[in-house]
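Subject: Structure for you to look at

Hello,

Here is the structure I promised you. Please open it and keep it in view while you read my notes below.

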Amino acid sequence: MDIEAELFDSQTQLLLNTVVHDLQNGLGIIDQFARFVLADIGAEHRVAEDVERIICSAQFCQGVIRNLAILNHKGVFNPTEVNIETIVADVFSMLERKLANVRLQTNGNGPATIIADEWQMKQVFMNLIKNAGEAMPEGGVLVIRFKRRDGFLWIEVSDTGSGIAADEIGYVFDLYFTSKEGGSGVGLYIVKEIIHRHGGAIEANSKIGRGTTFVLRLPETQGVQSSGFRVQNSEP
Ligand SMILES: Nc1ncnc2c1ncn2[C@@H]1O[C@H](COP(=O)(O)OP(=O)(O)O)[C@@H](O)[C@H]1O
Ligand SMILES: [Mg+2]
């Protein structure tokens with residue numbers, strides 16, 4: 001790396017660390033006080049659901065911030081037993097308002113549990129489901145299939161949306177590749193990073209006008225060891 005790039009890099013990292021720290025604090029406060037409000041008004045109150053959405057959103061944003069740290073190679077891996085099916089359902093309900101006329105179908109054999117970082121898995125499915133929704137502005141079907149095989153959980157995420165052109169599909173996981181006005185091109189890059197760091201793999205198959213399927217493979221238990229992450233001391 002030349003000296004200029006190195007300087008830029010260290011300044012960017014400094015900025016990123018500050019942003020991560022400050023936003024983490026701010027979001028923590030939103031999360032905490034929204035919980036106080038919810039406890040105060042009770043679950044039956046007419047705005048309780050809205051307050052729950054604030055909490056979900058604050059938590060989701062905290063996840064995004066953690067992934068900024070991943071981009072900055074300071075990611076910490078906090079492995080626990082997570083159920084991917086539950087994560088999909090949570091994320092889907094969080095995005096419900098943006099997914100008008102999108103129907104969710106899940107099917108699989110057995111529990112979709114693996115050892116993984118829960119926040120990072122939420123980030124993966126948040127990005128995949130958000131993209132699927134954006135590809136189906138008129139609505140459609142989102143199908144999520146699970147299969148256990150050879151120590152891996154295989155997950156298919158299929159939509160009935162616009163599809164991806166053959167000359168673009170090779171770039172969709174690249175950082176900053178976007179075909180959307182106002183898109184960031186960060187989502188699928190982060191998805192791929194997280195999956196790789198869990199010792200897994202991901203690929204995209206698509207037919208223009210028909211839809212897109214992302215196929216993910218995640219190790220049931222061994223992903224933690226093969227990751228490049230610092231593993232946080234997890235609770236006993
Ligand atoms: N489900 C999908 N259907 C069609 N195209 C998709 C889908 N998911 C991703 N893409 C394509 O991949 C690109 C990169 O996606 P992403 O990294 O999430 O960035 P962004 O959503 O900001 O454009 C999108 O702009 C789009 O062209
Ligand atoms: Mg996206």
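The crossing of helix 4 and helix 5 is left-handed. This is a predicted model, so keep that in mind throughout. Two packed helices are described by the angle between their axes and the distance between the axes. Here the axes of helix 4 and helix 5 come within 9 Å. They cross at roughly 145 degrees.

Which residues make the contact between these helices? Helix 4 brings Gln120, Gln123, Val124, Asn127, Leu128, Lys130 and Asn131. Helix 5 brings Gly187, Leu188, Ile190, Val191, Ile194 and Ile195. By class, the contact has seven nonpolar, five polar and one charged residues.

**Helix 5**

Helix 5 covers residues 187–197. Helix 5 is mostly covered, with eight of its eleven residues buried. The buried ones are Gly187, Leu188, Ile190, Val191, Lys192, Glu193, Ile194 and Ile195. Helix 5 also lies across strand 7 and strand 8. Its direction is at about 140 degrees to strand 7. After helix 5 comes glycine 199. The phi of glycine 199 is positive, near 80 degrees.

**Ligand 1**

Now find ligand 1. How many residues surround ligand 1? There are 22. Those that come nearest are Ala135, Thr178, Ser179, Gly183 and Gly187. Helix 4, residues 118–135, and helix 5 each supply at least two residues of the shell. The largest share, four residues, comes from helix 4. The shell divides into eight nonpolar, twelve polar and two charged residues.

**Lysine 122**

Stay with helix 4 and look for lysine 122, which is found there. Is lysine 122 buried or exposed? Lysine 122 has 22 C-beta neighbours inside 10 Å, so this residue counts as buried. The cut-off for buried is 20 or more. Leaving out residues up to four places away in sequence, lysine 122 touches Gly63, Ile87 and Val91. Take valine 91 as an example. Lysine 122 and valine 91 are 31 residues apart along the chain. Their C-alpha atoms are separated by 7.0 Å.

**The sheet**

Next, trace the open sheet of five strands. The strand order is 3-5-6-8-7. The pairing is mixed. Which strands are at the edges? They are strand 3 (102–108) and strand 7 (201–207), each of which pairs on one side only. From one strand to the next, the twist averages 15 degrees.

Helix 3, residues 84–94, lies across strand 3, strand 5 (140–149) and strand 6 (152–159). Helix 3 runs at about 175 degrees to strand 3.

Now zoom in on strand 7 and strand 8. Strand 8 spans residues 211–219. These two strands run antiparallel, joined by seven bridges. Serine 206 has threonine 212 of strand 8 as its bridge partner. Lysine 207 stands opposite glycine 211 in strand 8. The two strands form a hairpin with three residues between them. In this hairpin, glycine 209 takes a positive phi near 80 degrees.

**Two residues with positive phi**

Two further residues are worth a look. Aspartate 150 is not a glycine, yet its phi is positive, about 50 degrees. Where does aspartate 150 sit? Its place is in the loop between strand 5 and strand 6. Aspartate 150 counts as exposed because it has 8 C-beta neighbours inside 10 Å. The cut-off for exposed is 12 or fewer.

Tyrosine 176 is not a glycine either, and has a positive phi of about 75 degrees. Look for tyrosine 176 in the loop between strand 6 and helix 5. Tyrosine 176 is exposed because 10 other C-beta atoms lie within 10 Å.

**The whole chain**

Finally, step back. The chain has six helices and nine strands. It has 236 residues, and buried ones make up 29% of them. Consider the contacts between residues at least 6 apart in sequence. Of these, 72% join residues at least 24 apart.

Start with the two helices, then work outward.

Best wishes

Technical notes
Residues are numbered from 1 along each chain as its sequence is written. Chains are lettered from A and ligands numbered from 1 in the order in which they are written. This is a predicted model: local features need pLDDT of at least 70, side-chain atom pairs count only at pLDDT 80 or more; totals for chains, interfaces and linings use all residues. Two strands pair if DSSP finds at least two bridges between them. Axes are lines fitted to C-alpha atoms, for helices over the stretch in contact, and angles run from 0 to 180 degrees between N-to-C directions. Two residues are in contact if their C-beta atoms, placed from the backbone, lie within 7 Å. A residue is near a molecule or strand if its C-beta atom, placed from the backbone, lies within 6 Å of it. Ala, Val, Leu, Ile, Met, Phe, Trp, Tyr, Cys and Pro count as nonpolar, Asp, Glu, Lys and Arg as charged, and the others, Gly among them, as polar. A crossing is left-handed if the near helix is turned anticlockwise from the far one by less than a right angle, and right-handed if clockwise.
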